[in-house]
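Colleague: Could you walk me through this model and tell me what stands behind each label you use?
Modeller: Gladly; let's look together.

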Amino acid sequence: MKLKKVVSAAGLTALLAASLLTGCSQPDESDNSSKTVITLSGWGGNPVEKKLLEEVLDDFEKSHPNIDVRFNQISDQYMDVLKTRLIGGTAADVFYLDAFEAPGLIETGAIEPLDKYVTRDFDVDDFEKPMLDAFKDKGKTYGFPKDYSTLALFYNKKMFREAGIDGPPKTWEELEQDAKKLTKGKKVYGYGVMPQIERLYYMAQSQGGQVITNDRATFAEDRVARALQPILDMHLKDKTAAQASEVGSGSGGEMFGQGRAAMVMEGNWNIPFMEDTFPKIDYGTAELPTVNGKKGTMSFTVGYAMNAESKHKKASWELIKYLTGKEGMKTWTSKGFALPTRKSVAAELGYDKDPLRGPLVKGAKYATVWQDGPMLPIVMNNFNNQFLSAYLGERPLKEALKDAQRQANKEIKVAE
Amino acid sequence: MAKSSFSKKSRTEAGQGYLFMAPVLIILGIFVIAPILCAIYLSFHKVELLGGYNLEFRGLDNFMKITFDDRAHIALKNTVIYVVIVVPLQTLLALVLAASLNAGMKGEKFFRIVYFLPTLTSSAVLTLIFMWMYNQNGLINHILDTLHLPTYNWIGDPSVALLAIMIMNIWATAPFFMVIYLAALQDIPDSHYEAAELDGATGLQKFWHITVPNLRPVTSFVVIMGLIGTFQLFDQSYIFSGGSGGPNNSTLTVVLLIYQYAFKSLGTMGYATALAFLLAIIILVATLLQRKFSKEESLY
């Protein structure tokens, strides 16, 4: 009797356990053909961009019949998902990598150095040097930039005409003067500002101060504070600058499109955005006004990188080579959603002569690339938090910067 | 002899019991107990997950780091302020709502459903809707403006951003506890109220001297659940600030900070687990204190 009970109990348990485990086995994705399947991860972008990428990938598959590329889209929290997948060993073979995040990831060894694959016909010297350098560490290249954008001044031509201003401001002083004429109370601001380091980095360093030195935050100094003070003055004293959330807009581009700011500093992405969302606004672009007589702007770039644990490194390189090669890049940037990082492609597509994109292309020469080592994400977070409180007038800028620097360096210590 | 056979029998019975419980024990062990032990283990190490798994024993280093990490202090302060304000208010609101629904009005069922709706909606959706209402030109500022009250930049101004989340959460969580109160209210015997009426008690007196004391065990439950829930505030402040805890760290909560250290920055997983461990201890202490101050068992 007793034995029977025990046996039946054991049997029941085994049954339950077995039924639980059956869900875990996965059908193996085996290759019947000799085709190599590689995956590519990236964020989505708008439908037209997606179609362009599909086009480029189709072209690639046609010219490389033994490689099959699968595009895997990560729509939100791209870096978090990518890092988690890299840890779990399920990341794609090739993925988009923002230059800003590159150093941190390179440091861990999760990214394959690409130097050994590069051949002469790939023509590395054709790339814009600052964008290429953003993916380099200790002389090795870990990615090739697929496209970039700088910042340019977008200005509302109708508002400029109404205010009796001939053209876009050339210097920061002119911008301040024009903003006064363009501001209409709390309805329309002359300058739609983003009080964030990623947009102001070039300005912060315009007087010789350094935001980061040897992986430590060093921005709490007079030269940085002096360089950024004009932004605060425009918001607090002149009341001619505001950020998007102050007027109820979601972004700088939206603020500009809704006619709540006469000038904003945005990148190439704003051109298709304006076309789609606010086609009636008559606007122009210009190079950013000079600060202390010096030209400056930011440059944001994204590259293709290879997973160091990829099982198909040769095929992955073929893909990167094609996507960042002259042919692939030409198709990818042909519609103007992104600017080509290869000089030859840029010359062929003629964006430097485009009335709207010309100022963006001109900025590439003197732009500060948004990448400054592995600690930049920490520095950015702390800087932005404290800079905002100075921007809102809660405390003097110098004090806010000091606090931000102390906090950032503590956090860097925590991370080490 | 008899004694030993008895103990043998009880032993086999216990064995059978465990055998029957085995599926649950295994699942709990793998998915609940093991992760907790693993987290405690990790909190004493520097954990490098990317580019080759790497564990380095650091002793109490991670816990020491908490003492000089300003953002951890800010997160803890924000969370405590949030708990201290939200828990009493949502408990009170839940009680008032439940009492009003129990008063025997017409259309009680309809209101019961209407009140409960916010709880049924996903918190992510709620947050997004509230963010539109909190917009500078949104509904809430519009109402404040028509009433000639000052308007706020709810999302961008550090001094009100946390308050905005509090209002939203009290509104969304109170109905859930209201339902629990409602069930408890219907359990209070009518004879108590009748006796009070004979003594000439007013409605308010009946509420304070009969309803509230009779609800004490439920209140205790509601407060403990509220404490645990509010200490773990994450999704609302994550969506509100786009994951940064801004503006100016004003919506940074402990769980959001843990998330940032675990998944945003590299190589700080060990520190994140130390913070999580600390939060668990804080919640435990808060719950124990709450139990000490309310003598709930006396009623059952």
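Colleague: How many residue pairs are in polar contact between domain 1 of chain A and domain 2 of chain A?
Modeller: There are nine, with both residues at pLDDT 80 or more. A polar contact is a pair of N or O atoms within 3.5 Å; within protein, one must be able to donate a hydrogen and the other to accept it, and residues adjacent in sequence count only if both atoms are side-chain atoms. This is a predicted model, where local features need pLDDT of at least 70 and side-chain atom pairs count only at pLDDT 80 or more, while totals for chains, interfaces and linings use all residues. Residues are numbered from 1 along each chain as written, chains are lettered from A and ligands numbered from 1 in written order, and side-chain values use heavy atoms, without hydrogens and water.

Colleague: Where do the two domains of chain A lie in the sequence?
Modeller: Domain 1 covers 36-149 + 300-369 and domain 2 covers 151-298 + 371-415; the bounds come from an automatic or database domain assignment.

Colleague: How many salt bridges does the rule find across the interface of these two domains?
Modeller: Zero. A salt bridge needs a side-chain nitrogen of Lys or Arg within 4 Å of a carboxyl oxygen of Asp or Glu. Over all chains, the structure holds 30.

Colleague: What makes A:E112 and A:K313 a salt bridge?
Modeller: Their closest N and O atoms are 3.1 Å apart, and the limit is 4 Å, so the pair qualifies. The partners are 201 residues apart, with A:K313 in helix 12 of chain A; helices are DSSP runs (H or I, at least four residues), numbered from the N terminus.

Colleague: Why is A:E112 called buried or exposed?
Modeller: Its relative accessibility is 6%, so A:E112 counts as buried. Buried means under 20% relative accessible area, exposed over 50%, and partly exposed in between (1.4 Å probe, protein chains only). A:K313, at 24%, therefore counts as partly exposed.

Colleague: And what about A:S310?
Modeller: A:S310 has a relative accessible area of 10%, so this residue is buried as well. The side chain of A:S310 reaches the backbone nitrogen of A:H312 at 3.1 Å.

Colleague: How do you know that A:R406 and A:D403 are about one helical turn apart?
Modeller: They are three residues apart in helix 17 (residues 397-415) of chain A, which means a separation of about one helical turn. Their side chains meet in a salt bridge at 2.7 Å, N to O. Salt bridges with shared partners join A:R395, A:E399, A:D403, A:R406, A:K410 and B:D70 into one network.

Definitions and conventions: Helix = DSSP H or I, 4+ residues; strand = E, 2+ residues; numbered from the N terminus.
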